[in-house]
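Work through the exercises below with the model open. Try each task before reading its solution.

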Amino acid sequence: MARDLLRRYLWMIDTIRRHRRISRADFDDCWARSAFSGGSPMPRRTFFNYRQAIEEIFGIDIKCDLRTYEYYIDENDSHSEEMTEWLLNAAAVNDVLTNSRSIADRIFVEDVPSARQHLAPAIDAMRENKTLSFDYLPYYRTRSAKVTLEPYFLKIFRQRWYLTGRHVEENRVKTYALDRIGSLSILNDTFEIDPTFDFDEYFRYSFGIISSKGEPHRIAVKTDPNQAKYFRALPLHKSQDEVIHDRYSIFYYNMRITPDLVSELLSYGPRIEVLEPLELRAMLRTDLEAALKYYL
């Protein structure tokens, strides 16, 4: 029953989104043609209950324009819209996979171990503005260190969750991988987020989870037509802009040069060429020459 309700919520959200604005009469027509109606109209009380549940679960506010009596989804906040889209995709995928256990041996997924143990308490601490205490063991150390953190926000990148906040002892904002955290606990201490801290700005010019105080650069990447298709489907960064030529494309970005960006560009090998800036070209060349020594 719970899975069936989730499907109905997802159908309702998708229907209103596709129409942008829809009257109750048109909505009822769509409902009558759906697999959920069973030939019966949706009662007004059920419509109201679904709207309320969708807001509670997904944070999506289905509003009614009293001038036209049309329903629409209020999505003015671009970040909230991205979060909502991610939740919808995750819920839809979970629903499909849950209903496919008979062929589970033929479906392969990536593990996200960091989400199981520490994601829920991290979110609880963020919701209540409470300080976290945990042991942290990065890959480059042999012994863990105790960290007291005021959690600001969470970010998922490459199947790993990262927690960013103010390191209390060092009084600076730092990022931690959840899967490298041990013995996490929520303290009774509460905090106020620095009003000058801009969440969107912190990673605006970053490729992944490494933030830098350096100035963003105009980065130009030349690709062949085949690689260009992949970049169009999965942009490296929100600032991506493409100029198409006869036999190649040049993608332009506005990003800071960080180690994870360098690693990403190196992973494409001869399928791309970084044209600018010269500083980034030099970094790539140095790493390529160092790697080539192992194969000479």
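## Exercise 1: the N-terminal strands

Strand 1 (residues 22–23) pairs with strand 3 in the antiparallel sense over two bridges. Two strands pair if DSSP finds at least two bridges between them. Helices (H or I, at least four residues) and strands (E, at least two) are DSSP runs, numbered from the N terminus. The model is predicted: local features need pLDDT of at least 70, side-chain atom pairs count only at pLDDT 80 or more, and totals for chains, interfaces and linings use all residues. Residues are numbered from 1 along each chain as its sequence is written, and side-chain values use heavy atoms, with hydrogens and water left out.

**Task.** Find the partners of strand 3 (residues 70–73) and sort its residues into a covered and an uncovered face.

**Solution.**
1. Start at strand 1. Ile22 stands opposite Tyr71 in strand 3.
2. Go to strand 2 (residues 62–65). Strand 2 pairs antiparallel with strand 3 over four bridges. Asp65 stands opposite Glu70.
3. Inspect the turn. The hairpin of strand 2 and strand 3 has four residues between the strands, and Tyr69 there has a positive phi of about 55°.
4. Sort the faces. Tyr71 and Ile73 are covered, whereas Glu70 and Tyr72 are uncovered.
5. Recall the general pattern. In a regular strand the side chains alternate between the two faces of the sheet.

## Exercise 2: strand 6 and its hairpins

**Task.** Trace the pairing of strand 6 (residues 160–167). Is Trp161 buried or exposed?

**Solution.**
1. Take strand 5 (residues 145–157). Eight bridges join strand 5 to strand 6, and the two run antiparallel. Phe157 has Arg160 as its bridge partner in strand 6.
2. Read the turn. Strand 5 and strand 6 form a hairpin with two residues between them, and Arg158 in the turn has a positive phi of about 50°.
3. Take strand 7 (residues 172–177). Strand 7 pairs with strand 6 antiparallel over six bridges. His167 is matched with Arg172 in strand 7 as its bridge partner.
4. Read this turn too. Four residues lie between strand 6 and strand 7, and Asn171 takes a positive phi near 55°.
5. Check burial. Buried means under 20% relative accessible area, exposed over 50%, partly exposed in between (1.4 Å probe, protein chains only). Six of the eight residues of strand 6 are buried, so the strand is largely enclosed by the rest of the structure.
6. Place Trp161. Trp161 belongs to strand 6 and is buried, with a relative accessible area of 12%.

## Exercise 3: the four-stranded sheet

**Task.** In what order do the strands of the open sheet of four strands stand? Which strands are at its edges?

**Solution.**
1. Write the order. The sheet runs 10-11-9-12, with antiparallel pairing.
2. Mark the edges. Strand 10 (241–244) and strand 12 (272–276) each have a single partner strand, so one side of each is left without a neighbour in the sheet.
3. Add the twist. Neighbouring strands are turned by 25° against each other on average, direction ignored.
4. Pair strand 9 (residues 217–223) with strand 11 (residues 249–255). Seven bridges join them. Ala220 has Tyr252 as its bridge partner, and His217 stands opposite Met255.
5. Pair strand 9 with strand 12. Four bridges join them in the antiparallel sense. Thr223 has Ile272 as its bridge partner.

## Exercise 4: helix packing and cores

**Task.** Describe how helix 9 (residues 259–266) and helix 10 (residues 278–292) cross, then locate the largest nonpolar core.

**Solution.**
1. Compare the axes. They come within 10 Å and cross at roughly 65°. Axes are lines fitted to C-alpha atoms, for helices over the stretch in contact, and angles run from 0 to 180 degrees between N-to-C directions.
2. List the contacts (heavy atoms within 4.5 Å). Val262, Leu265 and Leu266 in helix 9 meet Leu280, Met283, Leu284, Asp287 and Leu288 in helix 10.
3. Relate helix to sheet. Helix 10 lies across strand 9 and strand 12, at about 140° to strand 12.
4. Define the core. A nonpolar core is a set of buried Ala, Val, Leu, Ile, Met, Phe, Trp, Tyr and Cys residues joined through side-chain atoms within 4.5 Å.
5. Find its hubs. Of the 36 residues in the largest core, Phe134, Val221, Phe231, Tyr253, Leu265 and Leu280 touch the most other members.
6. Look elsewhere. Another core, of 22 residues, lies apart from it and includes Ile22, Phe36, Tyr71 and Ile73.
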